[in-house]
Amino acid sequence: MTSLSREDVAHVAKLARLALSDEDLERYTDQLRAVLDHARDLEAFDFESTAPTAHPFAAAAYLREDVVVEGLDRDEVLNQAPAVEDDRFCVPQIIGDAP
Amino acid sequence: MTILDGYEMVVGLEVHTELKTVTKLFCGCANAFGSAPNTNVCPVCLGLPGSLPVLNRGAVELAMAIGTALGCSILPSSFHRKNYFYPDMPKDYQISQYDEPINVGGTLELPDGSTVRIERAHLEEDTGKTTHVGASGRIHGAERSLVDYNRAGVPLVEIVSAPDITSAAQARAYAAELRSILVATGASDGRMEEGSMRVDANVSVRRVGDATLGTRCEIKNLNSLRSLQRAVDHEAERQSELVAAGGRVVQETRHWDEVAGTTVTMRSKEEAYDYRYFPEPDLLPLVPEDPWRDRVAAELPALPAARRTTLLALLGEPTPSQRDQVLSVVELGIDAMVTSAVSSGVDPARALSRVANEVAALNGAETLGVDDVVTVLSMEQAGELSATHAKAVLADLVEHGGDPRELAKRRGFEQLDASSLDATIDEVVASFPDEWTRYCQGDDKLAQFFVGHVMKQTKGQADGKAVIAGLASRRSR
Ligand SMILES: [Zn+2]
């Protein structure tokens, strides 16, 4: 497995809409590389006989009954928004289509 | 508008259906279409910090019903976060199922006998609704979007077919049959126009006989079965012409323009999304236990294929046009009107024809009560209503509702029993002896003359066919 590159970090930062300076990029690449290298320690173990695990707990999902629970008051919600129009959240121009 | 000779199309469909639950997938907000904006919201579906998702049992059960109806294996499953930035998702990720979906494998058999394999049918949450404001040509900064989060978090099941579909008509038939199944299981209302069922088509073409698949394009914005069929046809034609001219199909998402009747590119490859799926740490794996799966299977209502078989059996030896009528009443979900009418003694051919023609033509036919339709058809069968009057009462029922017998009475469609009809025919025949003689000598056109007079006398309450039968029997005496 190749080690994490500076370009990988720049790509992930772009996807996460983080503006990183060259200095930041350098520092985070080192830090994230150390994290991934640590995770690579797991390769020392033999997992041939271990089933893939989706979650560390041996428990199944708790299920909620399909019953309405009162939510938030609209005025209270919209008061938190930077901009509101027609009882909707108003957001700046969106570039591109929805995924 | 069709694929070039020597080429064949390969189509797979992705169908998203909103589930008819009472609440959203991960919170207790109401799942209701048409509420005032942002009135069904809470910290979970607004993505406020510290809120946690809790899975809705009702949504899981409907997903299991869909899987069962499609012959899928219902498996232990898990949830992932699909990350992207778009204001329709306040969390900036959508919770979806990724490598461990709840329903895996399955088949859908179409009315023509062909089958389409189902790859998976997984649970995920819907996004909010964005409305874009500001006409093009305005200054850049003036354009903005408004977001309503009532739909954010509404449960969806995405049903992914294998690329087994080979024509636009088959794509339409698949979507129609799937919609009927979704409606039958109670999982969805199947309304494509309202967006509660959304279809995307993956279309590619290849030379007939080629084993490898061509590059595919995904077609979005298909708001009706008709658009789906037209768009697939058009896209296969576009790709086959491109390839035949030595060009190459670029993998991309294309938007169907209903008015222009063409697909147009939406997004270039450079902008391809990288969703960075990772396991949703706030949800434990979903493990439906056997007794639950068994109960869902046992409670599954009759599916469209079985309902068609029932109707065809009632008809005995159906004609080709009756077969089409059976297909259409099941597709419209109004076939129970036919079977119930037949069990109440209405002639099967008459019941099918009335429901497939008169009832289906009414705007809002699916809102009619089965019992009310059966009452009207039974009244017609018993000669209490003429065909024209039966139609009028059905229209009244759709428009105003109410009791069909009351509606008939209010319209003045009094019961015209056989003996009073006989008396009226005798009276009319006696009043026109010359015409009667000519009719008896074989001038059949005069039958309509007598029908007209009987109708006039009975204020339109007589059944035209019964009058003609009465005239014919008098002539042969
Ligand atoms: Zn909510």
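## Working through a two-chain model

In strand E10 of chain B, B:Asp148 is the bridge partner of B:Lys129. That pair is a handy way in, and keep in mind as you go that this is a predicted model.

**Exercise 1. Find out which strands flank E10(B), and which way they run.**

Start on the side you already know. Strand E9 (residues 129–133) of chain B is joined to E10(B) by five bridges, and the two run antiparallel. Now look across to the other chain: strand E3 (residues 88–92) of chain A is linked to E10(B) by four bridges, again antiparallel. For a landmark on that side, pick A:Cys90, whose bridge partner in E10(B) is B:Leu146.

**Exercise 2. Put the strands of this sheet in order and say which ones stand at the edges.**

Step one is the order. Reading across, you get E2(A)-E3(A)-E10(B)-E9(B), an open sheet of four strands with antiparallel pairing. Step two is the edges. Strand E2 (84–85) of chain A and E9 of chain B each have a single partner strand, so one side of each has no neighbour in the sheet.

Is E10(B) mostly covered or mostly open? Four of the five residues in this strand (residues 144–148) are buried, so count E10(B) as mostly covered, taking buried to mean 20 or more other C-beta atoms within 10 Å.

**Exercise 3. Work out what chain B brings to its contact with chain A.**

First, the head count: 45 residues come from chain B and 35 residues from chain A. Next, the elements on the chain B side that give two or more residues: strand E2 (55–56), H1, E10 and strand E15 (262–267). Which of them gives the largest share? That's E10(B), with five residues.

**Exercise 4. Describe helix H1 of chain B: its length, its cover and what follows it.**

Length comes first. H1(B) covers residues 57–69, which is 13 residues, and it reaches 18 Å from first C-alpha to last, close to the 18 Å expected at 1.5 Å a residue.

Then the cover. Twelve of the 13 residues are buried, which leaves H1(B) mostly covered. Among the buried ones are B:Val60, B:Leu62, B:Met64 and B:Ile66, along with B:Glu61 and B:Thr68.

Last, step just past the end of the helix: B:Gly71 has a positive phi of about 70°.

**Exercise 5. Determine how H1 and H2 of chain A pack, then judge whether A:His11 is buried or exposed.**

H1(A) and helix H2 (residues 22–39) of chain A have axes 9 Å apart and meet at an angle of about 105°. That makes the two helices roughly perpendicular, because 65 to 115 degrees counts as such. On the H1(A) side the contact uses A:Arg6, A:Val9 and A:Ala10, while H2(A) supplies A:Leu25, A:Tyr28, A:Thr29 and A:Leu32.

Now for the histidine. A:His11 sits in H1 (residues 6–15) of chain A. Why does A:His11 count as exposed? Because there are 12 other C-beta atoms within 10 Å of it, and 12 or fewer is the cut-off for exposed. For a distance check, the C-alpha atoms of A:His11 and A:Gln31 are 16 Å apart, with their positions 20 residues apart along the chain.

**Exercise 6. Trace the pairing through E12, E13 and E14 of chain B.**

Begin with strand E12 (residues 197–207), which is joined to strand E13 (residues 217–222) by four bridges in an antiparallel run. B:Ala201 stands opposite B:Ile219 of E13(B). Then move on from E13(B): with strand E14 (residues 252–257) the pairing is parallel, over four bridges. Here B:Lys220 has B:His255 in E14(B) as its bridge partner.

**Exercise 7. Step back and sketch chain B as a whole.**

Chain B has 15 helices and 16 strands, and its C-alpha trace spans about 90 × 55 × 55 Å along the principal axes. Mark off domain 1 (7–297), domain 2 (302–383) and domain 3 (418–475). The centres of domain 1 and domain 3 are 61 Å apart, taken over C-alpha atoms. Finally, add the cover: buried residues account for 42% of the 477 residues in chain B.

Conventions:
Residues are numbered from 1 along each chain as its sequence is written. Chains are lettered from A and ligands numbered from 1 in the order in which they are written. This is a predicted model: local features need pLDDT of at least 70, side-chain atom pairs count only at pLDDT 80 or more; totals for chains, interfaces and linings use all residues. The expected span of a helix is 1.5 Å times one less than its number of residues. Domain bounds come from an automatic or database domain assignment. Two strands pair if DSSP finds at least two bridges between them. Axes are lines fitted to C-alpha atoms, for helices over the stretch in contact, and angles run from 0 to 180 degrees between N-to-C directions. Angles under 35 degrees count as roughly parallel, over 145 as roughly antiparallel, 65 to 115 as roughly perpendicular and the rest as oblique. Two residues are in contact if their C-beta atoms, placed from the backbone, lie within 7 Å.
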